[in-house]
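Could you walk me through this structure in my viewer, one selection at a time? I would like to know what to click on next and what I will find there.

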Amino acid sequence: MGEPGSGLGSIVQFEDVGLRYGAGGDVLSGVSFALAPGSFYFLTGPSGAGKTSLLKLLYLALRPTTGTVRLFGEDVAHVPRARLPALRRRIGVVFQDFRLLPHLSVFDNVALPLRVAGAADSEIAGPVGEMLDWVGLGDRAGARPETLSGGEQQRVAIARAVIGRPELLIADEPTGNVDAEMAARLFRLFDGLNRLGTTLVVATHDIHLLQAVADPQIMRLDRGRLADPTGALRFPPRRQSETGAAA
Ligand SMILES: Nc1ncnc2c1ncn2[C@@H]1O[C@H](COP(=O)(O)OP(=O)(O)OP(=O)(O)O)[C@@H](O)[C@H]1O
């Protein structure tokens, strides 16, 4: 797990981070933690605790009001605006509200990160087709997002977030709209990515899904503060009988 406080070699480091929206009160305060490369963190806490706000700091949609956020070793407050897109390309995000592009097909939504990274069409078809098969949407490649159910849109959003094998994957309630079987499958996908080296931060209320993951660590937010100031609590290791066959 990350070495809270030291942050050396971390993918993400928060130092005494505080966040306010406008003239409102503290949404986050005194948040400090460091995530080691290749770790798998769950972010839990009651509604309104600040989980989405913390994730927004991670994917550079917000900057902290106080304190320091470092991503890939860089203080985000000092990253020139022109370099932000390059930094963002290293991060995959599954948004709570999916944010699929309505004028693009399912295929083109999922292909987008590869196209932005400069991949040729010949390099795109195979991986996108495989990814759509994996999330059970191989036969919906040509569909527009608006014709899909909420759960199907969520799976497209996950496919788009992971297709480029990001160094850091951030997901906000990524299984909120899918059934238990698909949720377990998606978590095995996350676990597989994690084994390949991707660092994950997943906000979820679905605590029992943590057992689909080899080495989960838990951060709990309560009213804008990390409940465990040392950064993480270790979850009991999964038992084979509880997880079923591997993906
Ligand atoms: N854009 C905003 N402007 C003002 N206040 C906001 C904004 N976004 C969030 N908040 C406030 O910040 C607090 C934390 O919200 P946040 O969405 O981060 O919580 P959360 O833990 O993700 O909740 P949930 O589990 O319900 O999604 C809430 O009190 C919310 O009202």
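Start by selecting R165, which sits in the loop between α5 (150-162) and β7 (168-172). The model you are looking at is predicted. R165 has a positive phi of about 45°, although this residue is not a glycine. Is R165 buried or partly exposed? Residues with 20 or more other C-beta atoms within 10 Å count as buried and those with 12 or fewer as exposed; R165 has 13, so it is partly exposed.

Stay in that loop and select I163, which also lies between α5 and β7. I163 is buried, because 23 other C-beta atoms lie within 10 Å. Now show its contacts, leaving aside neighbours within four places in sequence: they are V110, P113, L114, P127, V128 and M131. For a distance to try in the viewer, pick the C-alpha atoms of I163 and I124: they are separated by 9.8 Å, and the two residues are 39 apart along the chain.

**Into the core**

Next, click on V110, one of the contacts of I163. Which residues does V110 touch, leaving aside neighbours within four places in sequence? The contacts of V110 are V128, M131, L132, V156, A159, R160 and I163. V110 also belongs to the largest nonpolar core, which has 63 residues. Within that core, L43, V110, A159 and I170 touch the most other members, so colouring these four is a handy way to find your way around.

**Over to the open sheet**

Now select strands β2, β1, β4 and β5. In that order, the four form an open sheet with antiparallel pairing. At the edges are β2 (26-35) and β5 (74-75), each of which pairs on one side only. Strands of a sheet pair through backbone hydrogen bonds, in a parallel or an antiparallel manner.

Zoom in on the pair made by β1 (residues 12-20) and β4 (residues 66-71). They run antiparallel and are joined by five bridges. Two places help you follow the pairing: G18 stands opposite T66 in β4, and F14 stands opposite V69 in β4.

While you are here, select G67, a residue of strand β4. G67 counts as partly exposed, because it has 18 C-beta neighbours inside 10 Å. Leaving aside neighbours within four places in sequence, G67 is in contact with F14, E15, D16, V17 and G18. To see a longer span, draw a line from the C-alpha of G67 to that of F98: the two are 31 residues apart in sequence and 29 Å apart in space.

Follow β4 onward to β5. These strands pair in the antiparallel sense over two bridges, and the bridge partner of L71 in β5 is E74. The hairpin of β4 and β5 has two residues between the strands, and in it F72 takes a positive phi near 50°.

**Helix α1 and the ligand**

Select helix α1 (residues 51-58). Here K51, L54, L55, L57 and L58 are buried. Look down the axis of α1 and you can see that they cover an arc of only 155°, which puts them on the same side of the helix. Just after α1, L60 takes a positive phi of about 70°.

Then show the ligand and the residues around it: Y21, G24, V27, G45, S47, G48, A49, G50, K51, T52 and S53. Which element gives the most to this shell? That is α1, with three residues. Coloured by class, the shell shows three nonpolar, seven polar and one charged residues.

**One more loop**

Select R223, in the loop between β9 (216-222) and β10 (225-226). R223 has a positive phi of about 45° and is not a glycine. With 14 C-beta neighbours inside 10 Å, R223 counts as partly exposed.

**Stepping back**

Finally, show the whole protein chain. How many helices and strands does the chain have? There are seven helices and 11 strands. Of its 247 residues, 37% count as buried. Among contacts between residues at least 6 apart in sequence, 70% join residues at least 24 apart.

Notes: Residues are numbered from 1 along each chain as its sequence is written. This is a predicted model: local features need pLDDT of at least 70, side-chain atom pairs count only at pLDDT 80 or more; totals for chains, interfaces and linings use all residues. Two residues are in contact if their C-beta atoms, placed from the backbone, lie within 7 Å. Two strands pair if DSSP finds at least two bridges between them. The arc is that of the directions from the helix axis to the C-beta atoms. A residue is near a molecule or strand if its C-beta atom, placed from the backbone, lies within 6 Å of it. Ala, Val, Leu, Ile, Met, Phe, Trp, Tyr, Cys and Pro count as nonpolar, Asp, Glu, Lys and Arg as charged, and the others, Gly among them, as polar. A nonpolar core is a set of buried Ala, Val, Leu, Ile, Met, Phe, Trp, Tyr and Cys residues joined through C-beta atoms within 7 Å.
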